[in-house]
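Student: I would like to go through this model by asking, for each label put on it, what justifies that label.
Tutor: Then let us take the labels in turn and set each value against its cut-off.

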Amino acid sequence: MEESWPGRWNHVKKFLERTGPFAHPDFEPSPEVLDFMQQMCKLLVIGAGGLGCELLKDLAMLGFQNIHVIDMDTIDVSNLNRQFLFRPKDVGKSKAKVAAEFINTRVPGCNVTPYFCKIQDFDDSFYRDFHIIICGLDSILARRWINGMVVSLLRYENGQLDQSSVIPVVDGGTEGFKGNARVILPGMTACVECTLDLYPPQINFPLCTIAHTPRLPEHCIEYVRILLWPKENPFGEDVSIDGDDPNHIKWILEKAMERAQAYNITGVTYRLTQGVVKRIIPAVASTNAVISATCATEVFKIASSCALPLNNYMNFNDVEGIYTYTFEAEKKDNCLVCSQIPQTLSFSDTAKLQDIINYLVESASYQMKSPGIATTVNGRNKTLYMQTVKSIEERTRENLKKTLNELGLVDGQELYVADASTPSTVTFKLQLGTEMEK
């Protein structure tokens, strides 16, 4: 099939070759705009699942021809009802590779390059090579990481942001019949970290209910996940639950069904078990289609300047009818990631290192997952605690019980915190006082 034919791009030329009342002030109508989109503009799509499949299709049909896609997952049977680039023969294969092959075959001229890996497998030189990054993720942690990456790429000259270092991020998210789309201009608009409170909190059941008075099938599954798994170590000590491992899910399912039967509870199924373990909220194909179309439109607007981009957050809800609204999420002056203000931690010198760890995890401002803390003593780096490396965790565990005074930490000392939520180490200045920060 020929890569192009007369009239193929008439639908986008109507926007690119003539101006309109909503055009960006810098927009200059020209056939060269489409040439830029097709030949030079380099896009990165993160995620090839429900949103990712729709995004790849939409972007290819809009004329973008240099698209890259990252996804670490393989195709499961449960994906086939909404991730339409996949077929039964593709089960077990890489989502990114199958999606790329499908688009490349179906859309002449489009070249999608797949990466079957984690986003953390690439360094800053990889991400710096893209014009726009589009996220179709189901993980807040991954969003925070890529947000930290694009902010780390910013360059400042005499305190002024170098506009050429800004890589726009278009982010979409869905949750059942609800969804959102946002445009992030790193260093200029609110970033993911600025607006952590916009993301729905993870649902947790009271431990007393799980342990003593279960009433729902979810209670039985959580009982096995939280209490039984670490007690029985069914696959060996220090083996964490893998929500994508069928053997792990089957074991949890069997134990949860036993508990459910003891309490006359019905409804424990394999799908529910995996959903609870992985915190999965059922996906709706129509929501994915709406949000991906919105995100693709924003990419088109940013790449061409044919219209002003979203400013900067759109919510969508079709639980009862269809309702949307947009608002401008505000940049946080003391944002952990994108502000230029040094971060401080205020504690008394009698507080323990464990108190700092707990604060970084539980605070709404930081919401870290497994922070590791280091400092500098006499010009040499000293690890105070690191959870992610077993040998270092064992060696530094005792420090958690020590006070800041016992650890030799002084007022104004810098603490370097590493966490899975950010690709860069965050520097805090310790402020010792009489009261611990709440």
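**From values to labels**

Tutor: In this predicted model, Asn 147 has a relative accessibility of 4% and counts as buried.

Student: Why is Asn 147 called buried?

Tutor: Buried means under 20% relative accessible area, and Asn 147 is at 4%, so the label follows. Asn 147 belongs to helix α6, residues 140-152, and, once its neighbours within four places in sequence are left aside, Asn 147 is in contact with Cys 191, Val 192, Glu 193 and Val 337.

Student: What makes Cys 191 a cysteine without a disulfide?

Tutor: A disulfide requires two cysteine sulfur atoms within 2.5 Å, whereas the nearest cysteine sulfur to that of Cys 191 belongs to Cys 335 and is 3.6 Å away, so the pair does not meet the definition. The structure as a whole holds 0 disulfides.

Student: Is Cys 191 buried or exposed, and how do you know?

Tutor: Cys 191 has a relative accessible area of 0% and is therefore buried, given the limit of under 20%. For Cys 220 the value is 0% as well, and Cys 220 is also buried.

Student: Which accessibility classes do Asn 264 and Ser 305 fall into, and why?

Tutor: Exposed means over 50%, and Asn 264 is at 71%, so Asn 264 counts as exposed. Ser 305, at 23%, lies between the limits of 20% and 50% and therefore counts as partly exposed. Asn 264 sits in the loop between α9 (246-262) and α10 (270-278), and Ser 305 in the loop between α11 and β9.

Student: What is notable about phi in Asn 264 and Ser 305?

Tutor: Phi is positive in Asn 264, at about 55°, although Asn 264 is not a glycine, and phi of Ser 305 is near 65°, again a positive value in a residue other than glycine. The loop that holds Ser 305, between α11 and β9, also contains Asn 312, which is joined to Asn 311 by a cis peptide bond with omega of about -10°.

Student: How do you know that β11 and β15 are paired strands?

Tutor: Pairing needs at least two bridges, and 6 bridges join β11 (residues 343-348) to β15 (residues 426-433), so these strands pair, and they run parallel. Within this pairing, Gln 343 has Phe 428 of β15 as its bridge partner.

Student: What makes the pairing in this sheet mixed?

Tutor: The open sheet has 5 strands in the order β11-β15-β14-β12-β13, with mixed pairing. β11 and β15 run parallel, whereas β14 (residues 414-418) pairs with β15 in the antiparallel sense over 4 bridges, and β12 (residues 372-377) pairs with β14 in the antiparallel sense, also over 4 bridges. As for individual partners, Val 417 is bridged to Val 426 of β15, and Gly 372 to Ala 418 of β14. Helix α12 (residues 353-362) packs on the sheet, touching β11, β12, β13, β14 and β15, with its direction at about 135° to that of β11.

Student: Why are β11 and β13 called edge strands?

Tutor: Each of β11 and β13 (380-385) has a single partner strand, so one side of each is left without a neighbour in the sheet.

Student: Why is the pair of Tyr 115 and Phe 126 called edge-to-face?

Tutor: Two rings pair if their centres lie within 6.5 Å, and planes over 60 degrees apart count as edge-to-face; here the centres are 5.3 Å apart with 85° between the planes, so both conditions hold. Tyr 115 lies in strand β3 (residues 111-115) and Phe 126 in helix α5 (residues 124-127), so the pair ties together parts that are 11 residues apart in sequence. Both residues are buried.

Student: How do you know that Tyr 366 and Phe 428 form such a pair?

Tutor: The distance is 5.4 Å centre to centre and the angle between the planes is 85°, so the pair is edge-to-face under the limits of 6.5 Å and 60 degrees. Tyr 366 lies in the loop between α12 and β12 and Phe 428 in strand β15, so the pair ties together parts that are 62 residues apart in sequence. Tyr 366, at 7%, counts as buried, and so does Phe 428, at 1%.

How values were computed. Residues are numbered from 1 along each chain as its sequence is written. This is a predicted model: local features need pLDDT of at least 70, side-chain atom pairs count only at pLDDT 80 or more; totals for chains, interfaces and linings use all residues. Side-chain values use heavy atoms; hydrogens and water are left out. Buried means under 20% relative accessible area, exposed over 50%, partly exposed in between (1.4 Å probe, protein chains only). Helices (H or I, at least four residues) and strands (E, at least two) are DSSP runs, numbered from the N terminus. Contact means heavy atoms within 4.5 Å. Axes are lines fitted to C-alpha atoms, for helices over the stretch in contact, and angles run from 0 to 180 degrees between N-to-C directions. Rings of Phe, Tyr and Trp (its six-membered ring) pair if their centres lie within 6.5 Å; planes under 30 degrees apart count as stacked, over 60 as edge-to-face and the rest as tilted.
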